[in-house]
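Visitor: I'd like a close look at one part of this model, please. Could you start with its surroundings and then work inward to individual residues?

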Amino acid sequence: MRDGPHVLGRRAIAVVVLVVAVACGDDGGAAGAPETGSVRLYTSVSEETVDAVVSAFESNNPGVQVEVFRAATGDLNARIASEERSGGIEADVIWASDPLSMQAWDEQGLLSHGWTPDGASEVADPFKSEAFWGTRLLYMVIVHRKGVEPVPSSWRDLAALEYRGLVEIPDPGFAGSALAMLGYLADEPSYGIDFYRDLKANGARQVASPDDIVTDVAEGRADAGITLEFSGRTAAEAGSPVEVVWPEPGAVSIYSPIGITASPSDEEAARSFVESVLSVEGQETIAATGWAPILPSVEGPPVPPDATIVNPDWAGLFSRQSDLLEEYRSIFEG
Amino acid sequence: MTDALDRARHLPLAVSLVILTGVVLIPLGRLGAEVVGGGWASIDRALFDRDAGRAVLHTVLVAAGTTALALPLGTALALLTERSAVPARSMLRFGILLPLLVPAFVLGFSWGQAYGPSGLTDDLASLAVPGLFGPIGIVLVQTVDTAPLAYLIIAAGLATRSEPDLERAARASGASRLDVLRSITLPLLRGPLVAAGAVLFAASMEAFAVPVVLGVPAGFGTMTTRMYQALQRSAEPAAFGEAIVLALTLVVLAAIVLAPVERSLRHPGSATRTGGPEGSSVGPPRRSGTVLLAGAATVYLLLGVGVPLMAMVLTALTKAAGLAPIPANWALTHFADALRGSAIGALGRSAALAVAAGFALLALGGLVSWVERRPMGRSLGSLVSLTFMLPGSAVAIALIVAYGRWLGDTIAIIFIAYLAKFWTLAHRPLSGALDRLPPDLERASRASGAGRLTALRTITMPVLAPAIIGAFALVFLFSLHELTMSSLLAAPDTQTLAVVTLNLQQLGDRGATAALALLVTVATVGATAPLLVVRHVMQRRMGQGA
């Protein structure tokens, strides 16, 4: 190789290319689509939604494989806690159904910090934190049987005499969504934990699963109850004689967070997966399976225009969980 | 030479101890270590807070009530089909075993669908069972659920323990059939009775499906429902510790209650069989009496099993909840939902695992039954039952903590979980039957020149055949229907039946859950029918009559 102006030029180009490559490799912002890799996802989100999101991601990233471990919240927590005590969590990405467990894991340093996915800026502040971001919204609403008169329109109505002995509520010890309700109502000025006393005095019955409430209302074992909007809507669409009411002072929202563990086996792939869930395409996939997407720009299942939606204070709820649950149990279990 | 023989004699004990340590003692020990490491706080929260004492009381009361009802029921049914000239014996046997063939995850709500308010009987005849929610309902439903367990163990015991000469002598001396039953048959059944009672009590202590559906709405909590609630919050270390403490307390409680029972099992009576094993009938003398008893058994089966099953079928067929269960509202959508994805593959995988567990535990159960009759192995039977009393989620947690680093994500860890949890189900029937096997038969064959294995094959095993088949069937069915351990220990992307079922349940799709349970039941019946035929043929060959 002879020295000369064009060789110097080639060297300069090589240096520039090298510098640019290094700069693009790790800028803490957008993760490039990885060529190959694997993501180990632990989730409690329903199978249909997870399968749709995973297959969309895998078709956009042909070299990356996603392994999914699915279990209900309690089992998911148990698995992660056991793995932690056995030598380390095996998961790369955790996708939960409510923020309480995520907050607990974050407090123990099990989630990674220092990176924000691309779509996170569009996620509203109450639905994200430094280490995890909401992916979809679930709403607690009132469900009642068609033809029940009067139609309940606020949470307070459930303690009314007309529904004495005919109301079912989900047990907050069994479902995170019910715990969110408890947390919100306990803080709401005109309700407080005394509202649960009123419910109990009015003969309300507690049930372990919010979905069983929809069945019981449909079959006439109860007239009205508190449940997830998703369950009420899908039952009504299937033909059950139930209707959903978005009550005052507001339907209680729960967000479903996703986050990356502290030491994932393939960080690039994990980040890419999280970003795909928060991307427009990922959100549309989620909406197509029946859940409300978190990005306001993506259209989800219909929400009545006059419906009010409220958020519980998750941070406060997180620190008061056991006390609230104990108070609730003293009311409903004597 | 003698050294080698001596060592060989201790081999079964050594092998049992090694397997016991790996499968039962190490996981339990790791759980205990977790509790100790977590400090007093989790123990305090789990056992000494307001509701803790009440939960313990509820659990023990329900378990005692269920055992007190299910044991006599199972015994009466076993005597009916094995010791009296009842018509349609095979059909009765099938009906009695039906609750075992139906997955437990649907029995809870199908009772509510059948007898609860707005249930089947309410719609048809305005009859609803008051107090279905609460302790009475839980005990009733669990009794029907677990009576087949007692039936299997006692029937296996009846088939091997019969002292026909004693019974005939008593009858010849003027004792009535009832006297024979009371003074000869039942006392000699002590071993299987006690074994069945122990299994019933342990199974009831760690039951979860029925208390959740029937107990929670009445505010009636048990230790298992509290443990589930603790697991919901178990992302927090304190709640995780609480769950483990509750699980271990269940084991300790059950072990304490059953300790005197276990000790009585260690001194089996001896039996001398000098005639054919038919035994004499203890049923009513006149055919009308037998038919009456058979009728009573049928009514029980219809009410306890038939109506809830029908309610389940209707749930599976009806398009949506709340629609009247008439043919106009029927559709196969729920079956389609249940079969969507990999339900068939999952069923196949789970069935293969259950069969493997059945054979493995037959060997292990037989091994322990053999070893506990030797001087050094007496407490082995009790140790083996410890993990049966441990709730499934705790077994899974223990295995992940103990072996997760090496065996996580493999089928081996699920297999070990089944071995740990269901070992006693194979051990008890075999032990109860072995208890009563008279040594004279084997000695006679050995004296006539048969080798040890030939004697085993031609004398011991045919006599034990009902117990062997019963033990295998129990392990197979429990493994197939088991949900929690299979779901917690599953490798990613592995579809077991548990994973498929729990997903349907989580979606709140009761119709699809019922449809899946129906499919599993039909498949199980198809698989178990050959076993019953084999048992029938074997009894014919042994001259015991049908």
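**A partner chain, then a closer look at chain B**

Guide: Gladly. In chain A, 78% of the contacts between residues at least 6 apart in sequence join residues at least 24 apart. Please keep in mind throughout that this is a predicted model. Chain A has eleven helices and eleven strands, and 57% of its 334 residues count as buried. Its accessible surface comes to about 13,100 Å², with 51% belonging to carbon and sulfur atoms.

Now for chain B, the part I'd like to dwell on. Its secondary structure consists of 25 helices and zero strands. The C-alpha trace spans about 65 × 60 × 45 Å along the principal axes. A compact globule of 546 residues would have a radius of gyration near 24 Å, and chain B agrees because its own value is 24 Å. Buried residues account for 56% of the chain. When contacts of chain B with a separation of 6 or more are considered, 80% of them involve residues 24 or more positions apart. On the outside, chain B exposes about 21,400 Å², and 70% of that is supplied by carbon and sulfur atoms. As for charge, chain B carries 40 positive and 28 negative charges, and the mean positions of the two sets are 8 Å apart.

Next comes the place where the two chains meet. Here 54 residues of chain B are in contact with 57 residues of chain A. The size of an interface is often given as the accessible area lost when the parts come together. Between chain B and chain A about 4,900 Å² is buried, and carbon and sulfur atoms give 47% of it. On the chain B side, B:Gln229, B:Gln232 and B:Ala235 lose the most area to chain A, together 12% of what that side buries. Seen from the other chain, A:Thr215 sits in helix H7 of chain A, residues 210-219. Leaving out residues up to four places away in sequence, A:Thr215 touches B:Ala321 and B:Arg510. Its relative accessibility is 7%, so A:Thr215 counts as buried.

From there, let's move along the helices of chain B. Helix H3 covers residues 52-83 and includes B:Ala52. B:Ala52 counts as buried because its relative accessibility is 2%. Apart from residues up to four places away in sequence, B:Ala52 touches B:Ala46, B:Leu47 and B:Arg226. The C-alpha atom of B:Ala52 is 20 Å from that of B:Gly65, which lies 13 residues away along the chain.

Helix H13, residues 237-265, holds B:Gly241. With 14% relative accessibility, B:Gly241 counts as buried too. Between the C-alpha atoms of B:Gly241 and B:Ala343 there are 35 Å, with 102 residues separating the two along the chain.

Last comes helix H24 of chain B, residues 497-506, where seven of the ten residues are buried, so this helix is largely enclosed by the rest of the structure. The buried residues are B:Leu497, B:Ala498, B:Val499, B:Val500, B:Thr501, B:Asn503 and B:Leu504. After H24 comes B:Gly508, which has a positive phi near 75°.

Definitions and conventions. Residues numbered from 1 in each chain as written. Chains lettered and ligands numbered in written order. Predicted model: local features only at pLDDT ≥ 70, side-chain atom pairs only at ≥ 80, totals over all residues. Heavy atoms only, no water. Helix = DSSP H or I, 4+ residues; strand = E, 2+ residues; numbered from the N terminus. Rg over C-alpha atoms; globule rule 2.2 N^0.38 Å. Buried < 20%, exposed > 50% of the residue type's maximum accessible area, 1.4 Å probe, protein only. Contact = heavy atoms within 4.5 Å. Areas by Shrake-Rupley, 256 points an atom, 1.4 Å probe, with all protein chains shown as cover. Lys, Arg positive; Asp, Glu negative; His and termini not counted. Charge placed at Lys NZ, Arg CZ, Asp CG, Glu CD. Buried area = accessible area lost by both parts, 1.4 Å probe.
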